[in-house]
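This report walks through one protein model for a reader who is meeting it here. Please keep the sequence and the 3D view open while reading.

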Amino acid sequence: MASFKIFSKFAFRATKFLHHWPAGQDICRRAVIGNAILSHPFSRTFSSSNGAEESAAAKVEAKEDEVMSAKKRLKRELEDLPVDYSDISRAKVAIRGGVRRTECYKSYFLSELVGAEVYLKPEFQQFTGSFKERGARNAILQLMREKGKDGLKGVVAASAGNHALALAYHGRELGVPVTVVMPTVAPLAKVDKCRKFDARIIIEGTHIGESKLYAEGLVEEEGLTYVNGYDDPPIVAG
């Protein structure tokens with residue numbers, strides 16, 4: 001109560017001094033009364049409570065900003081990917097006449113085992129027995145569009161199995177020469193099947209890394225186009 005009396009006396013003197021300026025008198029009265037209220041213990045408690053609420057609100061706002069930044073960063077990363085949805089859509093249209101459409105079937109036992117709905121896509125039903133056909137056909141078709149059938153001298157790849165089979169089969173179907181470099185450890189069954197698809201088979205290297213180096217040399221020597229079996233964008237899109 002003492003603080004209120006002091007500020008009231010000060011307010012009286014201030015208003016008396018500024019009696020000829022009503023607007024100034026009103027401003028002074030508001031300032032004095034406001035200071036008196038803020039100096040009261042209850043006001044300090046109320047102010048502290050407001051501070052805690054403002055701090056919590058600031059943390060929530062900071063968290064929201066962090067989430068928004070993460071979403072924007074993820075969006076930029078997705079936009080920078082070499083393959084996007086439009087590439088996949090074009091690949092679907094391009095290859096649909098040359099590969100088998102397989103349905104997805106729910107696996108009851110796998111779903112029960114992992115606690116989620118698991119679907120299996122039986123790509124072993126493709127002509128060469130694997131999903132690799134999709135990417136191989138899409139890659140060859142894209143090269144034909146870019147270089148023209150006459151400008152495409154042929155494709156080459158290093159593979160010990162499914163990619164080699166897929167490339168050989170669809171190369172024959174599309175009329176594009178295929179060279180496959182296979183390591184010495186490649187299964188003979190895969191080697192024989194590639195030959196049946198009229199691919200040129202070169203056995204070189206004790207492992208796939210050495211085979212790839214040899215295949216890359218053919219790109220420079222013969223003007224072939226190398227088609228990687230795993231990180232080539234048209235392969236991924238297919």
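In this predicted model, helix α4, which spans residues 85-95, supplies the largest share of the lining of the largest pocket, namely five residues. The lining as a whole is made up of 15 residues, and those that lie nearest the centre of the pocket are Lys92, Ile95, Arg96, Arg101 and Arg134. Sorted by kind, the lining of this pocket holds seven charged residues, five nonpolar ones and three polar ones, and the space within the largest pocket comes to about 340 Å³.

The protein chain around this pocket can be described in a few totals. It has 10 helices and six strands, and of its 238 residues 33% are buried. When contacts between residues at least 6 apart in sequence are considered, 56% of them join residues that are at least 24 apart.

Another helix that can be followed in some detail is α9, which runs over residues 208-222 and therefore has 15 residues; from its first C-alpha to its last it reaches 21 Å, close to the 21 Å expected at 1.5 Å a residue. Which residues of α9 are buried? They are Ser211, Ala215 and Leu218. Viewed down the axis of α9, these buried residues fall within an arc of 45°, so they line one face of the helix. The general geometry fits with this pattern, because an α-helix has 3.6 residues a turn and residues three or four places apart point the same way. On the other side of α9, Leu213 and Glu220 are exposed. The cover over the buried residues of α9 includes the strands β3 (155-158), β4 (178-182), β5 (200-203) and β6 (225-226).

Ser211, which has its place in helix α9, shows this cover at the level of a single residue. Its relative accessibility is 0%, which is under the 20% cut-off, so Ser211 counts as buried. Leaving aside residues up to four places away in sequence, Ser211 touches Ala158, Val181, Met182, Pro183, Glu204 and Gly205. Just after α9, Gly223 takes a positive phi of about 75°.

A positive phi also appears at Asp198, where the value is near 65° in a residue other than glycine. In general, most residues other than glycine have a negative phi. Asp198 lies in the loop between α8 (188-196) and β5, and because its relative accessibility of 59% is over 50%, Asp198 counts as exposed.

A further loop residue is Leu81, found between α3 (41-79) and α4. With a relative accessible area of 44%, Leu81 is partly exposed.

Both loop residues can be paired with a residue elsewhere along the chain, and the table sets out these C-alpha separations.

| Residue pair | Separation along the chain | C-alpha separation |
|---|---|---|
| Asp198 and Arg172 | 26 residues | 6.8 Å |
| Leu81 and Pro233 | 152 residues | 9.6 Å |

Key: Residues numbered from 1 in each chain as written. Predicted model: local features only at pLDDT ≥ 70, side-chain atom pairs only at ≥ 80, totals over all residues. Heavy atoms only, no water. 1 Å grid on protein atoms, 1.4 Å probe; cavity = no way out; pocket = protein on both sides within 12 Å on 5 of 7 lines; lining within 4 Å. Points joined across faces, edges and corners; volume = space filled by probe spheres on them. Helix = DSSP H or I, 4+ residues; strand = E, 2+ residues; numbered from the N terminus. Nonpolar A, V, L, I, M, F, W, Y, C, P; charged D, E, K, R; others polar. Buried < 20%, exposed > 50% of the residue type's maximum accessible area, 1.4 Å probe, protein only. Arc of directions from axis to C-beta. Contact = heavy atoms within 4.5 Å.
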